[in-house]
Amino acid sequence: QEGVSQALLTWAQTWDEAGSKVRLNAVLEKRGSYALVVAPALVIEQFIDGSAVWDFPFALAYVDSWSDGVDGINAKAASVGDRWLDWVSDQFELGNVPSVDGATIELVEPLEGVPTLAMAYPDQRLAKYQFQAHMRIRY
């Protein structure tokens with residue numbers, strides 16, 4: 001599984017909306033910060049020849065304005081998540097997947113269709129949102 005996090009990061013940085021602003025596993029508490037957070041992989045199928053299918057969960061973390069009221073501020077962050085998740089789906093359909101040496105990418109798709117509020121920073125009027133997806137790899 002070596003190199004998977006870097007491959008996912010390189011791929012995520014091709015999303016025009018964020019590009020090189022996407023960091024690996026390190027989101028700043030600053031509006032407009034992006035990070036690709038890669039969770040531990042799980043073996044979901046193992047074969048007699050020694051090959052296996054792994055599932056790699058990952059999320060785009062994004063920091064933006066936050067409001068505890070009923071207004072459009074939180075909806076703006078949700079729209080970023082919608083665009084990211086749509087992009088993830090589109091890339092798999094187009095055959096644009098992360099490049100991982102010695103592996104076949106079987107699937108890249110969103111895990112949920114609704115952005116998740118991961119943490120609010122009320123004093124700063126900011127929040128961290130996470131938009132989750134996963135990648136299935138056969139080694």
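Which residue stands opposite Gln46 in E4? I looked this up at the start, keeping in mind that the model is predicted. Ala52 in E4 stands opposite Gln46.

**Entry 1: strand E4 and its partners**

I stayed with E4, which runs over residues 52–65. I checked its cover and found 13 of its 14 residues buried, so the strand is mostly covered, buried being under 20% relative accessible area.

I then went through the pairings. Strand E3, residues 42–46, pairs with E4 in the antiparallel sense over four bridges. The hairpin of E3 and E4 has five residues between the strands. Within that hairpin I noted Gly50, with a positive phi near 95 degrees.

Strand E2, residues 34–38, also pairs with E4 in the antiparallel sense, over five bridges. For a register point I took Tyr34, and its bridge partner in E4 is Tyr62.

How many bridges join E4 and strand E7? I found 13, again in the antiparallel sense, with E7 covering residues 126–138. The register point here is Leu60, whose bridge partner in E7 is Phe131.

**Entry 2: salt bridges**

I counted six salt bridges in the model. I followed up several of them, starting with Glu17.

Glu17 forms a salt bridge with Arg83, and the closest N and O atoms are 2.7 Å apart. The two residues come from distant parts of the chain: Glu17 is in the loop between helix H1 (4–12) and strand E1 (22–24), while Arg83 is in helix H2, 66 residues apart. I looked up the exposure of both. Glu17 is partly exposed at a relative accessible area of 29%, and Arg83 is partly exposed at 38%.

Next I turned to Asp64. Is Asp64 buried or exposed? Asp64 has a relative accessible area of 1%, so it counts as buried, the limit being under 20%.

Asp64 forms a salt bridge with Lys76, with 3.0 Å between the closest N and O atoms. Because Asp64 lies in strand E4 and Lys76 in helix H2, this pair ties together parts that are twelve residues apart in sequence. Lys76 itself is partly exposed, with a relative accessible area of 39%.

Arg31 also forms a salt bridge with Asp64, and here the closest N and O atoms are 3.2 Å apart. This pair links distant parts of the chain, with Arg31 in the loop between E1 and E2 and Asp64 in strand E4, 33 residues apart. I therefore wrote down Arg31, Asp64 and Lys76 as linked in a network of salt bridges, a salt bridge being a side-chain nitrogen of Lys or Arg within 4 Å of a carboxyl oxygen of Asp or Glu.

For the record, side chains of opposite charge can pair when their charged atoms come close.

**Entry 3: helix H2**

Helix H2 spans residues 73–94, and Asp90 has its place there. Which residues form a negative surface patch with Asp90? I found Asp82, Asp86 and Glu93 alongside Asp90 in the patch. I checked Asp90 for exposure, and it is partly exposed with a relative accessible area of 39%. Patch residues need over 30% relative accessible area, so Asp90 clears that cut-off.

I also looked at Trp87, which lies in helix H2. Trp87 is buried, with a relative accessible area of 12%. I set Trp87 against Glu17: they are 70 residues apart in sequence and 10 Å apart in space, C-alpha to C-alpha.

**Entry 4: positive phi outside glycine**

Most residues other than glycine have a negative phi. I noted two residues with a positive value.

Asn25 is not a glycine, yet its phi is positive at about 55 degrees. Asn25 lies in the loop between E1 and E2. With 45% relative accessibility, Asn25 is partly exposed.

Where is Arg125 found? I placed Arg125 in the loop between strand E6 (116–121) and E7. Phi of Arg125 is positive, near 60 degrees, and this residue too is other than glycine. Arg125 is partly exposed, with a relative accessible area of 40%.

Notes
Residues numbered from 1 in each chain as written. Predicted model: local features only at pLDDT ≥ 70, side-chain atom pairs only at ≥ 80, totals over all residues. Heavy atoms only, no water. Patch = residues over 30% accessible without salt bridge, like charges linked within 9 Å, V, L, I, M, F, W, Y side chains within 5 Å. Areas by Shrake-Rupley, 256 points an atom, 1.4 Å probe, with all protein chains shown as cover. Lys, Arg positive; Asp, Glu negative; His and termini not counted. Charge placed at Lys NZ, Arg CZ, Asp CG, Glu CD. Buried < 20%, exposed > 50% of the residue type's maximum accessible area, 1.4 Å probe, protein only. Pairing = 2+ DSSP bridges.
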